[in-house]
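I sat down with this one today and kept short notes as I went. Here is what I had on screen.

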Amino acid sequence: MEDMAKIAFGLYTLIILGGSVLAVGAKSLVRAMVGLIATLLGVAGMYMLLNSPFMALMQILIYVGAISVLIFFAIMLTRADAGGEEAESAPLRQNLLSLLAVLSVGGILGWLVLTRPLATTGVPVEVSIEKLGLGLLGPYGLAFELISVVLLVSMAGAVLLAWERRNGK
Amino acid sequence: MSALTLYQLVALILLMAGLFGIAQRRSLVGMLISVELMLNGAGLSIVAASQLTPANAVLGQLGTLFVMGLAAAEATLVLAIIVVIARRFGTTKTSVVSTLKG
């Protein structure tokens, strides 16, 4: 069982690596989206490995189901055709500078993670969905209500921003 | 190397990929994709830290759920802003959209 988990972890890591390289490096934005979706599914697999199937399902439902469709709409509405927006790649100097910035941040954080190991329980904790629901209705009820307000406001704001005035100019 | 460290390293890879993308992409949609990568790294890190340590596991999972909700709200608003910019400038390249004049 332990070996199966290791194999699955390696597989998901490969999916995440390949997907994020495609999402960042692809010339066409649609291909970048396919890479992003692969990454999201890999992260959902990681949630499964962490013994939190509810989070995995929410990841697939919210990210793969809703957010990727939104971004596809953004690609379609801005008419970013296959070879258009990202066709000419960034100049080499900019690429090198971005790489330097990323490596400095990643180096510092990676050093911190590697040199300060936390005391861990070997096996992921099991949390039942009932406990999550009770948490949402009990101690974290305010955050739950606030996030629904945030979602409502952002939806209304999006409608307001993108509203095409008929009798205007 | 403990399992938690491995999960944190994967989350770090996601963060680095997103950071590189946001620095190097030349269109707004590409930058939005990179932001989603970074948010996923954050969620994975939170869930791993709460599931594999004696910390409050319910808090970790619900926190990641809230991160997902905020990501959905953010994607909605960014989509609207991108549509407005595309209508006004005719493109979403960041090099073109650099004027502050109204």
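These are my entries, chain B to begin with and then a helix pair in chain A.

**Chain B, overall.** I kept in mind that this is a predicted model. I counted 3 helices and 0 strands in chain B, running α-α-α from the N terminus. The radius of gyration came out at 17 Å, well over the 13 Å that the globule rule gives for 102 residues, so chain B is more spread out than a compact globule. I also boxed its C-alpha atoms along the principal axes and got roughly 55 × 25 × 15 Å. Buried residues are 55% of the 102 in chain B.

**Helix H1 of chain B.** I checked the length of H1(B), residues 3-24: at 1.5 Å a residue its 22 residues should span 32 Å, and the end C-alpha atoms are indeed 32 Å apart. H1(B) is mostly covered, with 17 of those 22 residues buried.

**H2 and H3 of chain A.** At what angle do H2(A) and H3(A) pack? I found about 170°, with the axes 8 Å apart. Angles over 145 degrees count as roughly antiparallel, so H2(A) is roughly antiparallel to H3(A). The residues in contact include Leu36(A) and Leu40(A) of H2(A), and Ile60(A) and Val64(A) of H3(A). By class, I noted 20 nonpolar, 2 polar and no charged residues in the contact of H2(A) with H3(A).

**The loop between them.** Asn51(A) is in the loop between H2 (29-49) and H3 (53-77) of chain A. Most residues other than glycine have a negative phi. Asn51(A), not a glycine, has a positive phi of about 65°. Asn51(A) counts as partly exposed because it has 17 C-beta neighbours inside 10 Å.

Key. Residues numbered from 1 in each chain as written. Chains lettered and ligands numbered in written order. Predicted model: local features only at pLDDT ≥ 70, side-chain atom pairs only at ≥ 80, totals over all residues. Helix = DSSP H or I, 4+ residues; strand = E, 2+ residues; numbered from the N terminus. Expected span 1.5 Å × (residues − 1). Buried ≥ 20, exposed ≤ 12 C-beta atoms within 10 Å, placed from the backbone. Axes fitted to C-alpha atoms, helices over the stretch in contact; angles between N-to-C directions. Parallel < 35°, antiparallel > 145°, perpendicular 65-115°, else oblique. Contact = placed C-beta atoms within 7 Å. Nonpolar A, V, L, I, M, F, W, Y, C, P; charged D, E, K, R; others polar. Rg over C-alpha atoms; globule rule 2.2 N^0.38 Å.
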